[in-house]
Amino acid sequence: MNLAIDRDLLRSEIEELARISDAEPPAVTRIVFTPADIKARAWLRAKCSETGLAVRRDAIGNVFARWAGTDEAAAAVATGSHIDAIPNAGKYDGVVGVLGGLEAIRALQRSGFRPKRSIELILFTSEEPTRFGIGCLGSRMLCGALTAEAARRLTDSSGQSLEHVRQQAGMNGDLGSVQLDSGRYSAFIELHIEQGPLLERAQVPLGIVESIAAPASYDLIVEGAGGHAGGVLMPGRKDALCAAAEIILTVEQAALASGSSDTVATVGICEVFPGAVNSIPSRVRLTLDLRDTDLPRRDGVFHTIQSKSQQVTDKRGVDLQFRVVNEDAPARCSSIVTEALFRSCNKHNLPVQKMVSRAYHDSLFMSRIAPTGMLFIPCRNGYSHRPDEFASPEDIARGTLILAATLADLARKSSLA
Ligand code: GLV
Ligand code: MN
Ligand code: MN
């Protein structure tokens, strides 16, 4: 099979998609169900149709673009990722897996390959948690980890419900119909930038992911007592922001003390109420993002954060509440996919290394309904979630080539065992 990736086409499509954004270039912002996201989705669906794929969309907006195999009854092989982007992000996170997946299919078509199993490209809705506070909305619902009832309760920071905004965006179906059964896909592969520096440092062009770290996310509400910044004297104040500051440091210390560099904890949002220069903060909302490859260790760090934070709030006489947003388990990639990826790399004489994904991905949830694997490519300095995120056209093309070869390998067989 003569597989040739059209690097220039892929690069120009990545640039074109980056222009559908709510941020000044080179930054990209594309929040789920905003006009930019809706426009980008329409653009992608048109590309899929031009490629001759049959396009379906479900009630949460996941898009499935199918290249029918000769055995239509056999479970399909799927690939894909997301195109939503956090505020002030870059061009490559998620996009490489979607446009790379599309180019992998085109390359297979150009080579004359005829798949036995159908090959599907999936665009997942809202991998990023920006708008509704919880990541991987589309893949979470596909595998049943987020029920339709729970999804209907989600609202954004302006109080608009997910139910309302998805319908405004043209998705009117019943959310209860989104979940797929486990036999639907025989394999799922996600191509993604590493979002860390290890491949670049090792000068290895490809990483095969063996496990995906377990992410958890919480809202913390600190309630103190407000008052006049001039009138209330310092002794006896119950300043919610001063308590929150100590809690944030507690988070950092607990993660550093876990004994493993795989434990990471981040307070990324701090909302202060009432937020006036001359008013003592009476309430603060913090978000806590806590991740580890080891679930018991993550739980241990969370308990340490809770008990140390309690000491802070007792000392300061403020109240603290933790609300669980999500507590997801780690995933192990399937040997069916990782071995197929290794075979493709060997066949193309490309060095590869085994990796852990410390970021979460739609693969975390796809692994619950399909044998799943991930292929990483390097990104400059490991930068991601920032405008200077960069992956070279050569690295993207190399990843796409291996993706195409592996899709062909898995789609050519009627039995994957
Ligand atoms: C996904 O973007 C993550 O936060 O890991
Ligand atoms: Mn991301
Ligand atoms: Mn991503």
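# A tour of rings, metals and cysteines

In this predicted model, the count of aromatic pairs comes to five. One of them is a good place to begin, so select Phe124 and Phe188, whose rings form an edge-to-face pair with 5.7 Å from centre to centre and 80° between the planes, an angle that falls in this class because over 60 degrees counts as edge-to-face. Colouring by secondary structure shows how this pair links distant parts of the chain, since Phe124 belongs to strand β6 (residues 119-124) and Phe188 to strand β7 (residues 185-193), with their positions 64 residues apart in sequence. Turn on the molecular surface and look for these two side chains: Phe124 is buried, with a relative accessible area of 1%, and Phe188 is buried as well, with a value of 0%.

Next, select Phe302 and Phe322, which form an aromatic pair that is also edge-to-face, with 5.5 Å between the centres and 90° between the planes. Because Phe302 lies in helix α9 (residues 295-316) and Phe322 in strand β15 (residues 319-327), this pair ties together parts that are 20 residues apart in sequence. On the surface, the two partners can be told apart by their exposure: Phe302 is buried, at a relative accessible area of 8%, whereas Phe322 is partly exposed, at 24%. Add Tyr218 to the selection, and the view then holds one aromatic cluster made of Tyr218, Phe302 and Phe322.

Two further rings are worth displaying together with a charged neighbour. Select Phe64 and Arg56, where the charged end of Arg56 sits over the ring of Phe64 at 4.1 Å from the ring centre. Then move to Phe273 and Arg283, where the charged end of Arg283 sits over the ring of Phe273 at 4.6 Å from the centre.

**Along strand β15**

Return to strand β15, this time to select Asn326, which has its place in that strand. Asn326 counts as buried, at 8% relative accessibility. Showing Asp328 as well brings up a polar contact of 2.8 Å that joins the side chains of Asn326 and Asp328. If residues up to four places away in sequence are set aside, Asn326 touches Ile134, Arg140, Pro215, Ala216 and Ser217, and these can be displayed as sticks around the asparagine.

**The two manganese ions**

Now select the manganese ion (ligand 3) and the side chains that hold it. Which residues coordinate the manganese ion (ligand 3)? The donors are His82 through NE2, Asp93 through OD and His192 through NE2, at 2.0 to 2.3 Å, and along the chain they follow the spacing H-x10-D-x98-H. Because Asp93 lies in the loop between β5 (85-89) and α3 (95-111) while His192 lies in strand β7, this pair of donors ties together parts that are 99 residues apart in sequence. Both Asp93 and His192 are buried.

Keep Asp93 in view and add the manganese ion (ligand 2), which lies 3.8 Å from the manganese ion (ligand 3), with Asp93 as the bridge between them. The manganese ion (ligand 2) is coordinated by Asp93 (OD), Glu128 (OE) and His385 (NE2), at 2.0 to 2.1 Å, and the spacing of these donors along the chain is D-x34-E-x256-H. Here the pair of Asp93 and Glu128 links distant parts of the chain, with Asp93 in the loop between β5 and α3, Glu128 in the loop between β6 and α4 (137-142), and 35 residues separating them in sequence. With the surface shown again, Asp93 is buried at a relative accessible area of 9%, and Glu128 also counts as buried, at 4% relative accessibility.

**Cysteines to finish**

Finally, select the cysteines and display their sulfur atoms. How many disulfides are there? The count comes to zero. Cys48 is in no disulfide, and its nearest cysteine sulfur, which belongs to Cys136, is 20 Å away, whereas a disulfide needs two sulfur atoms within 2.5 Å. Cys48 counts as buried, at 1% relative accessibility. Moving on to Cys270, the nearest cysteine sulfur is that of Cys242 at 11 Å, and Cys270 is likewise in no disulfide. On the surface, Cys270 is partly exposed, with a relative accessible area of 38%, so the tour ends on a cysteine that falls between the buried and exposed classes.

Conventions
Residues numbered from 1 in each chain as written. Chains lettered and ligands numbered in written order. Predicted model: local features only at pLDDT ≥ 70, side-chain atom pairs only at ≥ 80, totals over all residues. Heavy atoms only, no water. Phe/Tyr/Trp six-rings, centres within 6.5 Å; stacked < 30°, edge-to-face > 60°. Helix = DSSP H or I, 4+ residues; strand = E, 2+ residues; numbered from the N terminus. Buried < 20%, exposed > 50% of the residue type's maximum accessible area, 1.4 Å probe, protein only. Lys NZ or Arg CZ within 6 Å of the ring centre and 35° of its normal. Polar contact = N/O pair within 3.5 Å; in protein donor to acceptor, adjacent residues only side chain to side chain. Contact = heavy atoms within 4.5 Å. Donors = N, O, S within 2.8 Å, 3.2 Å for Na, K, Ca; no water.
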